[in-house]
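This report is meant for a reader who is meeting the structure for the first time. Please keep the sequence and the 3D view open while reading, and follow each section on the model.

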Amino acid sequence: MSASPFQGVLSTLIRQRGVLGCLVVGEADGIIVDANVQVGIQSNVVAALAAALYRKARLCSAAAGLSTIGFLQLEAERGHICAIGRDGLVLVTLAEPRAHIGRIRGAMLESLSVLA
């Protein structure tokens, strides 16, 4: 069996302090293409939520004349969902509240070319 082209990206992201999981999902359907998540994370739920949020944000950004969406971050009491996308795929990171979002954002932006 061949390795996924996303394994390197997911391995880099999961090593960031405070990251609970990272996934590559289809933007249109929220189906997981590849993932690296800690035990207990409901990856299917996270994938569907993140894909829907990213898709809606992309459409709203375009409707408002703001061009393409860059980095999407949802901050909640118990953590963060970060997403960035390209060519119908969304790279998603789920992180604890204490996570350093700047580092996660940087790693995600560096990994964006893998989605192409």
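## A turn with a positive phi

Asp 87 is found in the loop between β4 and β5. The model is a predicted one, and in it the phi of Asp 87 is near 50°, a positive value in a residue other than glycine. Most residues other than glycine have a negative phi. With a relative accessibility of 60%, Asp 87 counts as exposed, because the cut-off for that class is over 50%.

The loop that holds Asp 87 is the turn of a hairpin, in which 2 residues lie between β4 and β5. The strands on either side of this turn, β4 and β5 (residues 89-95), pair in the antiparallel sense over 7 bridges. Within this pairing, Ile 84 has Leu 91 of β5 as its bridge partner, and His 80 is likewise bridged to Ala 95 of β5.

## The strands around β4 and β5

On its other side in sequence, β4 is linked to β3 by a further hairpin, and here too the connection runs through 2 residues. Strand β3, which covers residues 72-76, pairs with β4 in the antiparallel sense over 5 bridges, and in this pairing Leu 72 stands opposite Ala 83 of β4. Strand β4 itself spans residues 79-86 and is mostly covered, since 7 of its 8 residues are buried.

Which strand besides β4 is joined to β5 by 7 bridges? The partner is strand β1 (residues 19-26), which runs antiparallel to β5; as one example of the positions that face each other, Gly 21 stands opposite Leu 94 of β5.

How many of the 7 residues of β5 are buried? The count is 7 of 7, so the strand is largely enclosed by the rest of the structure. In a regular strand the side chains alternate between the two faces of the sheet. In β5, Leu 89, Leu 91, Thr 93 and Ala 95 point one way, while Val 90, Val 92 and Leu 94 point the other way, and all of these residues are buried.

## Helix α2 and the loop after it

Helix α2 covers residues 43-63, and Ser 61 lies within it. Ser 61 has a relative accessible area of 10% and is therefore buried, given that the class takes in values under 20%. Setting aside residues up to four places away in sequence, Ser 61 touches Leu 66, Ser 67, Thr 68 and Ile 69.

One of those contacts, Ser 67, is placed in the loop between α2 and β3. Its phi is positive, at about 75°, although Ser 67 is not a glycine. Ser 67 is exposed, with a relative accessible area of 52%.

Ser 43 also belongs to helix α2, and with a relative accessible area of 18% it is buried. When its neighbours within four places in sequence are left aside, Ser 43 is in contact with Leu 23, Ile 32 and Val 37. Another residue of helix α2 is Ala 52, which counts as partly exposed at 28% relative accessibility. The C-alpha atom of Ala 52 is separated by 7.1 Å from that of Gly 30, a residue 22 positions apart from it along the chain.

## The chain as a whole

The secondary structure of the chain comes to 3 helices and 5 strands, and from the N terminus on these elements run in the order α-β-β-α-β-β-β-α. Along the principal axes, the C-alpha atoms fill a box of roughly 40 × 35 × 25 Å. Why can the chain be described as agreeing with a compact globule? For 116 residues, such a globule would have a radius of gyration near 13 Å, and the chain has 13 Å, which agrees.

Buried residues make up 41% of the 116 residues in the chain. Among the contacts with a separation of 6 or more, 51% are between residues 24 or more positions apart. The accessible surface comes to about 6,600 Å², and 53% of it belongs to carbon and sulfur atoms. As for charge, the chain has 10 positive and 8 negative side chains, and the centres of these two sets lie 4 Å apart.

Definitions and conventions
Residues are numbered from 1 along each chain as its sequence is written. This is a predicted model: local features need pLDDT of at least 70, side-chain atom pairs count only at pLDDT 80 or more; totals for chains, interfaces and linings use all residues. Side-chain values use heavy atoms; hydrogens and water are left out. Buried means under 20% relative accessible area, exposed over 50%, partly exposed in between (1.4 Å probe, protein chains only). Helices (H or I, at least four residues) and strands (E, at least two) are DSSP runs, numbered from the N terminus. Two strands pair if DSSP finds at least two bridges between them. The radius of gyration is taken over C-alpha atoms; the globule rule is 2.2 Å times the number of residues to the power 0.38. Contact means heavy atoms within 4.5 Å. Accessible areas come from the Shrake-Rupley method with a 1.4 Å probe; for residues, only the protein chains shown count as cover. Lys and Arg count as positive and Asp and Glu as negative; His and the chain ends are not counted. The place of a charge is taken as NZ of Lys, CZ of Arg, CG of Asp or CD of Glu.
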